[in-house]
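The following exercises ask the reader to classify residues and contacts from geometric values. Each task is followed by a solution in steps.

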Amino acid sequence: MKLFREIGKAFFIGSLIFIIIGLIQYMNGETITDGKELLVLFAYNQLYSVALYMVNAYFFVSQLKKYEGRLFEFRNLAFGIGGAIVITIGTIFLLRLITEMVIDGEGFTEFIQGEKIQYYYISFFISVVVTAIFYLFFYYRYKQESKVKEQKIIAGAAS
């Protein structure tokens, strides 16, 4: 996995997500009063986007290598999806822990007592959608490669 290329993809996807969320919020009447607030929101968005993209991409690539041509069998796919969910929730928790304790200066006990499941909804949903797109893209590519191999076998047998 080429690290900088993947970080660039993560940053691009994060920027698209930021724009889409911003448009949705704008249509719902929310406004941003100054550039600093916009920059802070963008920085948080990119932190979450890049971190979630990278951990899920690394997990997905490891699954591709581990199962090679068998990733899309039901058992392996179920394990991959379950693993991605656990990794996503764990990463969101760690990101919240870092941002609340390091950036906002909360104590650990205060952080744990203030945690609510609704803090995870949006990040989790976006991560699931992006991960599903990955799986669909690679499944499509896998099927196309299977068809090409099948055609080569048929062509070889015919000659």
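A residue is called buried when its relative accessible area is under 20%, exposed when it is over 50%, and partly exposed in between. The model examined here is predicted.

**Exercise 1. State where Gln63 is placed, classify its accessibility, and list its contacts beyond four places in sequence.**

Solution.
1. Gln63 is located in helix H2.
2. The relative accessibility of Gln63 is 5%, so this residue counts as buried.
3. When residues up to four places away in sequence are not counted, Gln63 touches Glu68, Leu71, Phe79 and Gly80.

**Exercise 2. Describe the surroundings of Thr88: is the residue buried or exposed, and with which side chain does its own side chain make a polar contact?**

Solution.
1. Thr88 belongs to helix H3, which covers residues 74-103.
2. Its relative accessible area is 3%, and Thr88 is therefore buried.
3. Leaving aside neighbours within four places in sequence, the residues in contact with Thr88 are Leu52, Asn56, Phe124 and Ser127.
4. With Ser127 there is also a polar contact, side chain to side chain, at 3.3 Å. The cut-off for such a pair of N or O atoms is 3.5 Å.

**Exercise 3. Classify Ile153 and give its separation from Thr88 in sequence and in space.**

Solution.
1. Ile153 is part of helix H5, residues 121-158.
2. Ile153 has a relative accessible area of 61% and is therefore exposed.
3. In sequence, Ile153 and Thr88 are 65 residues apart. In space, the C-alpha to C-alpha distance between Ile153 and Thr88 is 41 Å.

**Exercise 4. Determine which geometry the ring pair of Phe11 and Phe42 has, and which parts of the chain it links.**

Solution.
1. A pair of aromatic rings is described by the distance of the centres and the angle of the planes.
2. The structure holds 4 aromatic pairs. In the pair of Phe11 and Phe42, the ring centres are 5.9 Å apart and the planes stand at 85°, so the pair is edge-to-face. The cut-offs used in this step are 6.5 Å between centres and, for edge-to-face, over 60 degrees between planes.
3. This pair links distant parts of the chain, with Phe11 in helix H1 (residues 3-27) and Phe42 in helix H2 (residues 35-67), 31 residues apart.
4. Phe11 counts as partly exposed at 42% relative accessibility, and Phe42 also counts as partly exposed, at 24%.
5. Phe11 and Phe42 form one aromatic cluster together with Phe18.

**Exercise 5. Identify the residues of the nonpolar surface patch and its approximate area, then classify Ile24.**

Solution.
1. The patch is made by Phe12, Leu16, Ile19, Ile20, Leu23, Ile24, Tyr26 and Met27. Its area is about 890 Å².
2. Ile24, one of these residues, lies in helix H1.
3. A relative accessible area of 43% makes Ile24 partly exposed.

**Exercise 6. Examine three of the salt bridges: for each, give the closest N and O distance and the placement of the partners.**

Solution.
1. The structure holds 4 salt bridges. The cut-off between the side-chain nitrogen and the carboxyl oxygen is 4 Å.
2. Glu6 and Lys9 form a salt bridge whose closest N and O atoms are 3.3 Å apart. Both residues lie in helix H1, 3 residues apart, which is about one turn of the helix. Glu6 is buried, with a relative accessible area of 8%, whereas Lys9 counts as partly exposed at 37%.
3. Arg96 and Glu115 form a salt bridge with the closest N and O atoms 2.7 Å apart. This pair links distant parts of the chain: Arg96 is in helix H3, and Glu115 is in the loop between helix H4 (108-114) and H5, 19 residues apart. Arg96 is buried, with a relative accessible area of 11%.
4. A network of salt bridges links Arg96, Glu100 and Glu115.
5. Arg141 and Glu145 form a salt bridge with the closest N and O atoms 3.9 Å apart. Both lie in helix H5, 4 residues apart, about one turn of the helix. Arg141 is partly exposed, with a relative accessible area of 40%, and Glu145 counts as partly exposed at 42%.

Definitions and conventions:
Residues are numbered from 1 along each chain as its sequence is written. This is a predicted model: local features need pLDDT of at least 70, side-chain atom pairs count only at pLDDT 80 or more; totals for chains, interfaces and linings use all residues. Side-chain values use heavy atoms; hydrogens and water are left out. Helices (H or I, at least four residues) and strands (E, at least two) are DSSP runs, numbered from the N terminus. Buried means under 20% relative accessible area, exposed over 50%, partly exposed in between (1.4 Å probe, protein chains only). A polar contact is a pair of N or O atoms within 3.5 Å; within protein, one must be able to donate a hydrogen and the other to accept it, and residues adjacent in sequence count only if both atoms are side-chain atoms. Contact means heavy atoms within 4.5 Å. Rings of Phe, Tyr and Trp (its six-membered ring) pair if their centres lie within 6.5 Å; planes under 30 degrees apart count as stacked, over 60 as edge-to-face and the rest as tilted. Patches are made of residues with over 30% relative accessible area and no salt bridge: like charges are joined within 9 Å, nonpolar side chains (Val, Leu, Ile, Met, Phe, Trp, Tyr) within 5 Å. Accessible areas come from the Shrake-Rupley method with a 1.4 Å probe; for residues, only the protein chains shown count as cover.
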